[in-house]
Amino acid sequence: MSLGPGDRSLLVAEALEALREAEVIVGYTTYLELIPDLTPGKKVLGSGMRKEIPRCRAAIEHARNGHRVALVSSGDAGIYGMAGLVLDLCRDSGLRVCSVREKPPETCDLQFEVIPGVAAFNAAASLVGAPLMHDFAAVSLSDHLTPWELIEKRLQAVAAADFVTAVYNPRSKARPDLLEKACEILLEHRSPETPVAIVRRAKRQGEWVHLTTLDRIPFDEVDMQSILLIGNSRTYLWDRWMVTPRGYLDKYGEGAEGEGREAGSERLRARRLDHCGPDAESG
Ligand SMILES: C[S@@+](CC[C@H](N)C(=O)[O-])C[C@H]1O[C@@H](n2cnc3c(N)ncnc32)[C@H](O)[C@@H]1O
């Protein structure tokens, strides 16, 4: 189940109910520290980084023994979280997993449910305005489970296709140069003035928000609790806001009639440059 970004007001009601009803709560220790009031009286199994497989196995084992288990992930459990690993492990072990939403057939080994949450990209986007108003993609720079060559290929593809891009796991202690390399790839396809939002600890204590452009990213300020939202070719900064137009004003705005899409786009680009205020900061 999903904890959301950390702020209790963003824990969905279904997740809160699952935590209250759980007999066993399993998770990465840092995430369990976000819910200390919900763990008393329950068996709590916390573990550290790189312990994802034993963590999920323990959750499966307890559930198979008849306990109600909440396996927590931050943000949304189905986005770089534990939901997929639980299903991978059950499939590998030949377990039949049924949904809590259906009457369990006799062959069911485990009842399972993914409770959604507010992902880091949602939380970060809400803090800077409306950067995800058009097609977007998420790319994780973590090369722990994914070869860097594949990450590069995906960055090339999303940059060439002009997707707004949420960059997860932007910097690790072991590979502090990953973000610089990623930006070099993006700059092959995007203007240096492309707006970028850097959000550290979105909707958690210590939140920090920084608006800048693709050629001016303060790399040292970015850590593993940060996410970057990189605009597309039409994204603009205006005062303290980052906005990706959906295209309404091109089609229906004043002067749109007879102006045509290209001219409309030029008008918006000009407006973007007028109002562009790189390095605006808040938080
Ligand atoms: C393993 S992923 C977890 C993603 C999470 N399941 C989600 O739905 O957003 C961890 C990465 O998510 C991003 N992240 C998670 N929570 C964040 C937050 N509150 N603020 C900024 N970035 C966050 C960071 O990039 C971090 O390195």
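Trainee: What makes β6 and strand β13 (residues 241–243) a pair, and in which sense do they run?

Mentor: In this predicted model, the two are joined over two bridges, in the parallel sense. Pairing takes at least two bridges, so the two bridges between β6 and β13 meet the mark. One spot to look at is Ala130, which stands opposite Val243 in β13.

Trainee: Which strands make up the sheet there, and in what order?

Mentor: Three strands form an open sheet, ordered β6-β13-β12, and the pairing is mixed.

Trainee: Why do β6 (129–130) and β12 (236–238) count as edges?

Mentor: Each of them has a single partner strand, so one side of β6 and one side of β12 have no neighbour in the sheet.

Trainee: Let's move to β11 (226–230). What makes β11 largely enclosed?

Mentor: Five of its five residues are buried, so the rest of the structure largely encloses β11. Both faces are covered: Ser226, Leu228 and Ile230 are buried on one side, and Ile227 and Leu229 on the other.

Trainee: Which strands pair with β11, and how do you know?

Mentor: Count the bridges again. Strand β8 (residues 164–168) pairs with β11 in the antiparallel sense over three bridges, and β9 pairs with β11, also antiparallel, over five bridges. With at least two bridges needed, three is enough for β8, so that one is a pair. Five is enough for β9, so that one is a pair as well. To find them on the model, look for Val167, whose bridge partner in β11 is Leu228, and for Val199, which stands opposite Ile227.

Trainee: On to the ligand. How many residues surround the ligand, and which are the closest?

Mentor: The shell holds 25 residues, and the closest are Gly75, Ile79, Ala119, Ala120 and Ala202. By class, 13 are nonpolar, eight are polar and four are charged.

Trainee: Which element gives the largest share of that shell?

Mentor: That's α5, with three residues. Both α5 (120–128) and β11 supply at least two each. Domain 1 (8–112) and domain 2 (120–282) each contribute at least three residues to the shell.

Trainee: How far apart are the C-alpha centres of domain 1 and domain 2?

Mentor: They lie 32 Å apart.

Trainee: Which residues touch the most other members of the largest nonpolar core?

Mentor: The core has 63 residues, and the ones with the most contacts to other members are Ala70, Leu71, Phe121, Ala124, Ala197, Ile227 and Leu229. Its largest share, six residues, comes from α5.

Trainee: Why do you place this core where you do, relative to domain 1 (8–112) and domain 2 (120–282)?

Mentor: Both domains give residues to this core, so it lies between them.

Trainee: Which residues is Ala124 in contact with, beyond its neighbours within four places in sequence?

Mentor: Those are Ala197, Val199, Ala202, Ile227 and Leu229. Ala124 is also one of the buried residues of α5, along with Ala120, Phe121, Ala123, Ala125 and Val128.

Trainee: Why is Lys203 called buried or exposed?

Mentor: Lys203 has 20 other C-beta atoms within 10 Å. The label "buried" starts at 20 or more, so Lys203 is buried. You'll find Lys203 in the loop between β9 (195–200) and β10 (208–213).

Trainee: And how does Tyr80 come out, buried or partly exposed?

Mentor: Tyr80 has 19 such neighbours, and that makes it partly exposed. The cut-off for buried is 20, so 19 falls short of it. Tyr80 sits in the loop between β3 (69–72) and α4 (83–92).

Trainee: What makes the phi of Tyr80 worth a second look?

Mentor: Phi there is positive, about 50 degrees, and Tyr80 is not a glycine. Most residues other than glycine have a negative phi. Lys203 also has a positive phi, near 55 degrees.

Trainee: One last check: what makes Ala15 buried?

Mentor: Ala15 has 21 C-beta neighbours inside 10 Å. Set against the cut-off of 20, that count is enough, so Ala15 is buried. Ala15 is in helix α1 (residues 13–21), and its contacts include Met1, Leu3 and Ile115. The C-alpha atoms of Ala15 and Ser2 are 6.6 Å apart, although 13 residues separate the two along the chain.

Technical notes
Residues are numbered from 1 along each chain as its sequence is written. This is a predicted model: local features need pLDDT of at least 70, side-chain atom pairs count only at pLDDT 80 or more; totals for chains, interfaces and linings use all residues. A residue is near a molecule or strand if its C-beta atom, placed from the backbone, lies within 6 Å of it. Helices (H or I, at least four residues) and strands (E, at least two) are DSSP runs, numbered from the N terminus. Ala, Val, Leu, Ile, Met, Phe, Trp, Tyr, Cys and Pro count as nonpolar, Asp, Glu, Lys and Arg as charged, and the others, Gly among them, as polar. Domain bounds come from an automatic or database domain assignment. A residue is buried if 20 or more other C-beta atoms lie within 10 Å of its own, exposed if 12 or fewer, and partly exposed in between; C-beta atoms are placed from the backbone. A nonpolar core is a set of buried Ala, Val, Leu, Ile, Met, Phe, Trp, Tyr and Cys residues joined through C-beta atoms within 7 Å. Two residues are in contact if their C-beta atoms, placed from the backbone, lie within 7 Å.
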